[in-house]
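Here is a friendly walk through one protein chain. Take a look at it first, and then we can go over it piece by piece.

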Amino acid sequence: MQILEDLYLGDIHPNERSFRRNSQYARALEEVVKAGDALTDTFSEKQKELFEDYMAAQREVNVLTDCETYCLAFKTGAKILLDVLTDGQMKEI
């Protein structure tokens with residue numbers, strides 16, 4: 001059960017992601033950064049502080065949402081696997 005050992009030892013980090021530089025995601029992220037920079041360039045110092053507070057709160061919401069989505073997806077995958085292995089005889093959990 002190598003994957004369980006890796007998970008236990010912290011060698012698996014499902015929240016870390018990589019992406020290719022010229023991918024659709026990378027281009028979209030670049031647009032977000034450009035728009036954010038253009039927006040904050042127009043802010044006063046107080047507005048910048050408020051915006052940073054807002055962004056920190058939004059990051060926390062994103063982490064919580066990503067975690068819940070990951071857990072739900074994992075459970076769904078496990079149910080699919082159980083259904084396949086039991087040839088559809090698995091009772092609803």
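Before anything else, a word on sorting residues: Ala, Val, Leu, Ile, Met, Phe, Trp, Tyr, Cys and Pro count as nonpolar, Asp, Glu, Lys and Arg as charged, and the others, Gly among them, as polar. Keep in mind, too, that this is a predicted model.

## The pocket

With that sorting in hand, have a look at the largest pocket, which has a volume of about 220 Å³. Its lining is made up of Pro-14, Asn-15, Arg-17, Val-63, Asp-66, Cys-67 and Tyr-70. Sorted by type, the lining of the largest pocket gives four nonpolar residues, one polar and two charged.

Two of the names in that lining, Arg-17 and Asp-66, turn up again in the next part.

## Salt bridges

How many salt bridges does the count come to? The answer is three. Here they are side by side, with the N to O distance for each.

| Pair | N to O distance |
|---|---|
| Asp-66 and Arg-17 | 3.7 Å |
| Lys-34 and Glu-30 | 3.4 Å |
| Glu-45 and Lys-48 | 3.9 Å |

Start with the pair from the pocket lining: Asp-66 and Arg-17 join their side chains in a salt bridge. This one links distant parts of the chain, with Asp-66 in helix H3 and Arg-17 in the loop between helix H1 (2–9) and helix H2 (24–40), 49 residues apart. Arg-17 is exposed, at a relative accessible area of 65%, while Asp-66 is partly exposed at 39%.

The other two pairs each sit within one helix. Lys-34 and Glu-30 both belong to helix H2 and are four residues apart, so about one helical turn separates them. Lys-34 is partly exposed, with a relative accessible area of 46%, and Glu-30 is partly exposed too, at 43%.

Over in helix H3, Glu-45 and Lys-48 are three residues apart, again about one turn of the helix. Why does such a spacing suit a pair within a helix? An α-helix has 3.6 residues a turn, so residues three or four places apart point the same way. As for their surroundings, Glu-45 is exposed at 54% relative accessible area, whereas Lys-48 counts as partly exposed at 30%.

## Two cysteines, no bond

Now for the sulfurs. How many disulfides does the count come to? It comes to zero. Cys-67, one of the residues lining the largest pocket, has its closest cysteine sulfur in Cys-71, 4.3 Å away. A disulfide needs the two sulfur atoms within 2.5 Å, so at 4.3 Å the sulfurs of Cys-67 and Cys-71 are too far apart for a bond. Looked at from the other side, Cys-71 is in no disulfide either, and its nearest cysteine sulfur is that of Cys-67. Both cysteines are partly exposed: Cys-67 has a relative accessible area of 45%, and Cys-71 has 33%.

## Helix H1 and two positive phi angles

Is helix H1 largely in the open or largely buried? None of the eight residues of H1 is buried, so H1 lies largely in the open. Just after H1 comes Gly-10, which takes a positive phi of about 80°.

A second positive phi shows up at Asp-87, about 55°, although Asp-87 is not a glycine. You'll find Asp-87 in the segment after helix H3 (45–85), and Asp-87 is exposed, with a relative accessible area of 64%.

## Reaching across the chain

A couple of distances give a feel for the layout. Thr-42 is in the loop between H2 and H3 and is exposed, at 58% relative accessibility. From its C-alpha to that of Leu-7, 35 residues away along the chain, the separation is 45 Å.

Gln-47 lies in helix H3 and is partly exposed, with a relative accessible area of 40%. Gln-47 and Met-90 are 43 residues apart in sequence, and their C-alpha atoms are 56 Å apart in space.

## How confident is the prediction?

The chain averages a pLDDT of 91, and 97% of the residues score at least 70. Where is confidence lowest, and where is it highest? Lowest is H1, with a mean of 86, and highest is H2, at 96.

Terms used
Residues are numbered from 1 along each chain as its sequence is written. Side-chain values use heavy atoms; hydrogens and water are left out. Buried means under 20% relative accessible area, exposed over 50%, partly exposed in between (1.4 Å probe, protein chains only). A salt bridge is a side-chain nitrogen of Lys or Arg within 4 Å of a carboxyl oxygen of Asp or Glu. On a 1 Å grid over the protein atoms alone, a cavity is a set of points where a 1.4 Å probe fits but cannot get out, and a pocket is an open set with protein on both sides within 12 Å along at least five of seven lines; lining residues have an atom within 4 Å of a point. Grid points are joined across faces, edges and corners, and a volume is the space filled by probe spheres set on the points. pLDDT is the predictor's confidence in each residue, from 0 to 100.
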